[in-house]
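Dear colleague,

I am handing over the structure we spoke about, and I would be glad if you could open it beside this message. Below the structure I have written out what was found in it, part by part.

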Amino acid sequence: MQRLLLPSRSLLMSPLQPIYRSLTAASTSGSQGHQTQQQAQHAANSGDVYRRINKLLVANRGEIAIRIYRACTEMGVRTVGIYSEADTMHLHRTMADESYLIGKGMQPVQAYLNIPAIIQVAKETGSDAIHPGYGFLSERSEFAQACADAGISFVGPRPETVKQMGDKVLAREAAIAAGVAVVPGSPGPVTTHEEAAAFCSANSFPVMLKAAYGGGGRGMRIVRKESELAEAFNRATSEAKAAFGNGALFIERYVENPRHIEVQILGDRYGNILHLYERDCSVQRRHQKVVEIAPAPNINPDVCRSMCLDAVKLMRHVGYENAGTVEFLYDVKSGQYYFIEVNARLQIRLAEGFSLRDIGLKQERIEVNGYAMQCRVTTEDVSKGFQPDSGRLEVFRPGQGIGIRLDSASAYAGAIISPYYDSLLCKVIAHTKDFRDCAAKMERALREFRVRGVKTNIPFLLNVLRSEKFLSGTTDTSFIDQHPELFKLQAHKNRAQRLIHFIGEILVNKSMTPLGIPEIRIPDVQPTVPQVDYTAEPPKGWRQILVDQGPEAFARAIKEHPSVLLTDTTMRDAHQSLLATRVRTYDLLKIAPYAARNLSGLLSLECWGGATFDVAMRFLHECPWERLEELRQQVPNIPFQMLLRGASAVGYTNYPDNVVYKFCDQAVKSGMDIFRVFDSLNYVPNMEVGMDAVRKAGGVVEAAVCYTGDVLNSKKYNMDYYLKTADQLVESGTHILAVKDMAGLLKPAGARALIGALKKAFPDHPLHVHTHDTAGAGVATLLACADAGADIIDCAVDSMSGITSQPSMGALVSCLQQDCGVKLSDVTPYSAYWEVARRLYANFECTSTMRSGNADVYENEIPGGQYTNLQFQSISLGLSNQFELVKKKFAEANELMGDIIKVTPSSKIVGDLAQFMVANNLSKQDVIDKASELSFPTSVVEFFDGLIGQPVGGFPEQLSRGVLQGRQPRFSGRPGAELPPLDFDALRASLQEKFGDQEISDKDVISAALYPRVFDDFAAIRQKYGPVSKLQTRVFFQGPKIAEELELHLERGKTIYIKPLAVAEPDKTGKSECFFELNGQQRVVYITDKEASKNVTIRPKAKATVKGSIGAPMPGEILDVKVQSDDVVEKGQPLMVVSAMKMELVVTAPIAGRIKTIHVGAGDKVEGNDLLIDME
């Protein structure tokens, strides 16, 4: 008779589920010596021939396969691996001594269920034994029998034992026969819905459906009512068949909220059975264990002892050999426990003829040694219902240290996480003497993990470990379901990796911001920040008065000040006018400390609002609120000023009044002080909303009369008009009165007359004047204003002044014969900084096409802030060579619309009409004659619909009738008055649904209320690329040079270093491999080359912002399509079934409606968020 010996050890211990015990009487070295003597004695007494296992085939994959390989390597056993086509690049294939492809052309899971192919590989490779691991074929008796028939040792129980214990019905019968309590259940396997319905009818709900021939949570469903049975039965059957090759189910009464306790046992062929005590597996999700604890905490020791004895009794009754797990449900309320199943897996192999006692294992020698805990780190998106995630691991840094063990297979940078198998990434095991210490050690280890490229459940696990309920040691199987706070996840910042992706995107696909003049290369320059003492507090400025005494006292102090004061527009209107509003927070923050310390005499810094708000999100991918708050931190002493477009806030249309109030309240909280409130048509009802909102928020109201025409010559916009308009603003409660000359049309003579008249009419209100220097007369105009009694005048630092910007600060400081609070010696270094910084925005530079001021502005009246934007807009529309004509048409368009006030948004409407006229070769008369036939720009139609308010003198009747096709305008008064309040809570919920892993702040909600699409795009970019505002401006717009080291300061005390190393040519899928160093460690990201991928077929993605755009919840395969095009469905109705990682998900309708288009069919492979269905 042949006998089987394992070399050097009698136990193949590694595949055991972590026992977390100390086998105190049998150390490894001691047992080996004893074993050798026993083997020799057996050989001498029997004359048997011993057959050594020289080669072992592992019929599994992933983490368990690698654990078995390691054990075999330590024992001198060669290993044979098998792998499916989907696992070609998997680590377990390469760690075996030899490995072979099986199941070519088969589904990924089915390849590992192919018994004939596995046996054939074992024979051809001369394998002495096969280890099944867990899952797949580990509990299939026909596999154990096939091994025996082929003369190959099966590392596990005998085939008949596998059959008895792997079949839940037979195992149940054995337990009853052994006198172990069981949960009432079906007498045999259930294979049809009718059989299931019959059992439920006789035993009542709730019930549990379980795969009859497998475990691990696959094929399990809780059914609470009859209407759920059919769908649950179909899904459980399908999952069981996919995972175990047999779809038969077992049904039992569902025990509510039990604790799930398992007992690990070992047995030999001589009837010796011992237990390794119990472990608690109650923390479960979808019936899969999330956390395991040994021993079970806070449970009656007598109950545990009884469970362990029953486990031994049952296994002795069936003659069990090798390792196994006996599982119980413990009903805490009644104190009763029930046997549920045996897992005959995670096997060892005793040498033929040896007993447990022969190797020193006796029950009395096995003692509990402290506590151990195991967490399953999985690639799942918890925020989306634990949907499996797949892709390439870009970064993997595990938590380690004393008392921590890791078991993994695909956990390394560059590994590909397959969508076809279990989502396990890594098992983390912690061991200490105390349960709470064990939880603390596990938390520390998980917090050290850095996993990038795929989502993981680590944030969720951390919430579990911090839960007081968990730490009390009393969790049951309902723990996760009954504690929704576990799903309030703290997302990883992941800033460095996301920034690397952004840089890679720029290197491969060029700038993500449309460049006005893309052929210009940004010079490699860094503006020098003037030296300042950062440790010194900035001197007190005008803001101190505002903070201490309030807006009214602040206005009085200005009025009583003996000389004219300055507002610096460099940080807003100057760059809007010269550089298309593209100046980034990065460059503003660098110079802000200097401004705080050396320009503290300024009345205000205009740094926010207007076009900067949406441009920050739209083109610079920055949060405008963060810009305001970060500037406020750097400049605590100078009042901040912004533009508020009345009832339009910082938008281009009217909003519900509560949006304006909410915006102003948050702006003050974030650091804004003075609100220049205006309306693009001087429509006072619109302005009054903004003024009241500012007042209630605690800000300073500066109501502005927008200036156009020539006050000395215009019939429409004459002195009487301006005085009457100003009077309305004073009556409405403004703190400061302003004249906003957005096109630079106010000439010195007109300035003296207008400012003098306003000062005389409103002597108790400070007067603030704003103009542009487009014609070159700005300094003269502001000096005339100062002479006429203006209290505040706007200017820009010298290097950012002139042309379409504001007049020069240095020139005004030098020419004003009074102390304006600013010294020329402090202006010069400030100007030097901006002179160099301006070069970083060469792609948007107005001087590329406009070399000097132009007096034709007196004819076309184009606002300075619009001039460069209109130029770049013309370029993008293919009208670059016709800009002179565009300017002429701007004047004509203004006349067509009734000679209106022109400032955003009204100026944009005039510009849209002008470009429309040029593009379609239309004269002024053509527009009037063909109005009813033309498809006007939307903005023009909205203007005549009264959407931005009522212009002075009303709408031109003939053109209005044509544009509106003869119908009446939608609004005849203030538009916002007719709009219902916005539901901010509903908007927040919608945003949270779209961007689940981002924390949606109050400021985000306001941004989305003002600019829904712009915010959605910004939030998506923020989610994907992180804090791109931390990048240098040259890098942001055109990317770094190869091998250039970038130093990025993410926050105080957090600095990272990124160096691009190389960019590979795109592969056949159109992706380029980009190599970086991050803090000295190599990182690799894959970027889709948009040009190279044009001919690559890629499924469209679902649109997160469209409810009826339904995407794949996870990568996988479409199993079933339950609807057809044009079907009318209800919300929540099943549409498709998707399978991935041996789990099935039913895709349901997010809304009620009609199926418009179905983009996939059964059998199609999909990636996460691939578009499945369009509904309407």
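How many bridges join strand β34 to strand β35, and do these strands run parallel or antiparallel? Before the answer, please keep in mind that this is a predicted model. Strand β34, which covers residues 1054–1063, is joined to strand β35, residues 1071–1078, by five bridges, and the two run antiparallel. Within this pair, I1058 stands opposite L1078 of β35. As general background, the strands of a sheet pair through backbone hydrogen bonds, and they do so either in the parallel or in the antiparallel sense.

The pair belongs to an open sheet of four strands, whose order is β33-β34-β35-β36 and whose pairing is antiparallel. The edges are taken by β33 (1046–1051) and β36 (1081–1088), and because each has a single partner strand, one side of each is left without a neighbour in the sheet. From one strand to the next, the twist averages 35°. Helix α15, made of residues 495–509, packs on this sheet and touches β33, β34, β35 and β36, while its direction makes about 50° with that of β36.

A second arrangement of strands is closed: eight of them form a barrel in the order β25-β26-β27-β28-β29-β30-β31-β32, with parallel pairing. In the barrel the twist averages 30° from one strand to the next. To see one of its pairings, look at β27 (residues 640–644) and β28 (residues 674–677), which pair in the parallel sense over four bridges, with L643 opposite R676 of β28.

Next, please look at helix α10, residues 226–244. Its 19 residues, at 1.5 Å a residue, should span 27 Å, and the C-alpha atoms at its ends are 26 Å apart, which agrees. The helix α10 nevertheless bends by about 25° at A232, and A232 is also one of its buried residues, among which are L229, F233, R235 and E239. After α10 comes G245, which has a positive phi, near 80°.

Finally, R61 lies in the loop between β3 (55–58) and α2 (62–75). Its relative accessible area is 11%, and since buried means under 20%, R61 counts as buried. The side chain of R61 makes a polar contact of 2.7 Å with that of D87 and another of 3.3 Å with that of H90. Apart from its neighbours within four places in sequence, R61 is in contact with D87, H90, H92, Y112, F136 and Y421.

With best wishes

Key:
Residues are numbered from 1 along each chain as its sequence is written. This is a predicted model: local features need pLDDT of at least 70, side-chain atom pairs count only at pLDDT 80 or more; totals for chains, interfaces and linings use all residues. Side-chain values use heavy atoms; hydrogens and water are left out. Buried means under 20% relative accessible area, exposed over 50%, partly exposed in between (1.4 Å probe, protein chains only). A polar contact is a pair of N or O atoms within 3.5 Å; within protein, one must be able to donate a hydrogen and the other to accept it, and residues adjacent in sequence count only if both atoms are side-chain atoms. Contact means heavy atoms within 4.5 Å. The expected span of a helix is 1.5 Å times one less than its number of residues. The bend at a residue is the angle between axes fitted to the seven residues ending there and the seven starting there. Two strands pair if DSSP finds at least two bridges between them. Axes are lines fitted to C-alpha atoms, for helices over the stretch in contact, and angles run from 0 to 180 degrees between N-to-C directions.
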